[in-house]
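Reader: Can we go through this one together? I care about the ligand site and any pockets.

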Amino acid sequence: MNEAQALKHTFEHTRTYFPSLGNSYKGRPVLFFDNSAGAQVSQFVIDRVTDYYIHRNAQKGTIFTRTAEMQQTIVDARQLAADLVGATDHTEIAFGQNATNFFHLYAHHLGRDLQAGDHIIITEADHHANVNPWMELAERDIHVHLWNVDAQGSLDFDHYEQLLALKPKLVAVGWASNATGTIHDMPRITAMAHRAGALVVADGVQAASHIAMDVKAADVDFAAFSTYKIFGPHMGFGYVNRDRLERLEGWRIQHELERDSYFFEVGSQNHEGIEGFIGSMEYLAQVTKDAEGNGLSLDKTPLANSRPSRHEIAGAMHFAHEYEQQLTDHFLAKLADVEGVVLYGKSAEQADERLPVFSFNIEGIETDTLGHALNDASIEARTGNYLAINLMKRLAEPFGGSALRISLVHYNTVEEIDLFFGIFAQVLTDLKMKVD
Ligand SMILES: Cc1ncc(COP(=O)(O)O)c(C=O)c1O
């Protein structure tokens with residue numbers, strides 16, 4: 001088996017871990033192509049949640065053994081999240097409701113260190129989750145600047161330089177776009193921000209379901225992730241660089257005794273979800289094992305010398321990204337043959353700078369009509385702006401800021417893509433007949 005075959009073999013096998021991928025609709029297999037909105041979960045997650053309810057269903061703060069076990073489970077889960085994203089250890093991770101909530105918490109707490117007249121930067125490429133919380137600071141006369149994208153939807157670094165000359169206190173930016181799938185150059189963004197004296201809050205939500213994240217290599221200060229997009233339950237977690245946290249004035253005054261990320265875990269947590277998250281990490285560890293069993297290796301990758309638990313978990317995401325290039329190449333080659341297609345984001349020539357997330361329109365056909373027709377044909381794909389509101393307004397202006405999005409992850413296959421394009425051709429023929 002060569003490397004490409006070993007990747008294909010490994011990731012086609014992952015489907016067997018996901019009971020929901022066998023679902024059908026109107027007698028046809030469902031093509032689940034809305035993974036950027038949220039992924040399916042494996043049997044590892046289902047088993048963990050069940051096990052929690054049977055053995056560790058408990059509340060915080062009691063003397064019962066069950067509580068101690070539950071609390072240890074949360075620490076274990078934080079450590080696994082640290083392994084996934086490359087944090088130092090569990091003290092830099094906090095669980096919470098979702099990523100949006102983390103951005104609101106960050107804006108609330110970091111906002112305490114901002115004064116009227118200070119500058120901060122948000123981007124035109126971001127999901128509104130990492131836009132709205134910062135816009136609210138404008139009410140306190142903090143200047144909120146929108147970092148522009150170019151015609152392809154990529155962040156414009158000349159504009160960034162101009163904004164950094166204002167000596168902003170903070171840059172809030174996405175690691176990858178949920179609309180175009182473009183991967184942003186986080187190490188470069190962060191290095192430039194730090195030189196200008198700004199902290200960086202990264203939205204790691206989209207990138208984390210496709211690539212091996214490394215918050216230390218990228219040197220971000222704060223980040224947030226959605227566990228339900230990383231093959232786990234509906235929750236989120238935050239990463240907080242401990243050294244930077246301790247330097248914040250507002251933090252020092254208010255939280256003298258509790259200088260770790262757990263401060264962000266306010267009130268009771270979703271214990272069953274956190275336990276389910278452990279299942280999603282067990283799944284990734286299994287994928288790494290499968291990949292290595294098929295002859296793939298992490299030796300020449302940045303993960304080669306990482307601690308064993310990180311190697312095990314993030315390794316799967318490294319292999320997933322490699323494999324997803326096959327899906328991307330295949331999808332873009334097929335899409336190029338579709339008449340009247342308008343693709344947003346990176347082209348096939350720059351496929352290594354994108355995720356298998358494809359937003360596009362077809363000239364002469366309303367996006368929503370297309371979405372409904374595909375749904376009738378058991379293809380679950382999203383239409384709209386996916387809350388990347390500013391970006392889609394800019395890119396898909398002639399289509400009212402809306403597009404069809406096919407978002408794949410590593411359990412999708414080349415065969416599913418072929419099936420999709422067969423159905424898509426028929427759907428387009430039918431719709432064009434109606435329009436004519
Ligand atoms: C890039 C990006 N950021 C943030 C979010 C919001 O995540 P959550 O639902 O965890 O708040 C999403 C959800 O689609 C997203 O795609």
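Author: Here come the ligand first and a pocket after that. This is a predicted model: local features need pLDDT of at least 70, side-chain atom pairs count only at pLDDT 80 or more, and totals for chains, interfaces and linings use all residues. Residues are numbered from 1 along each chain as its sequence is written, and side-chain values use heavy atoms, with hydrogens and water left out.

Reader: Which residues are around the ligand?

Author: Asn98, Ala99, Thr100, His127, Ala129, Asn178, Asp203, Val205, Gln206, Ser226, Tyr228 and Lys229. Each has a heavy atom within 4 Å of the ligand.

Reader: Which side chain has an N or O atom 2.5 Å from a ligand nitrogen?

Author: That is Asp203. For ligand oxygen atoms, Thr100 has a side-chain N or O atom at 2.4 Å, and Ser226 has a polar side-chain atom at 2.7 Å. The cut-off for a polar contact is a pair of N or O atoms within 3.5 Å.

Reader: How much of the ligand does the protein bury?

Author: The protein buries 89% of the 400 Å² that the ligand exposes when taken alone. Areas come from the Shrake-Rupley method with a 1.4 Å probe.

Reader: Switching topic. Where does the largest pocket lie?

Author: Between domain 1 (3-42 + 316-435) and domain 2 (46-276), because both give residues to its lining. The domain bounds come from an automatic or database assignment. A pocket is an open set of points on a 1 Å grid where a 1.4 Å probe fits, with protein on both sides within 12 Å along at least five of seven lines; lining residues have an atom within 4 Å of a point.

Reader: Which helix gives the largest share of that lining?

Author: α12, with 5 residues. Helices are DSSP runs of H or I, at least four residues.

Note on methods. Helix = DSSP H or I, 4+ residues; strand = E, 2+ residues; numbered from the N terminus. Polar contact = N/O pair within 3.5 Å; in protein donor to acceptor, adjacent residues only side chain to side chain.
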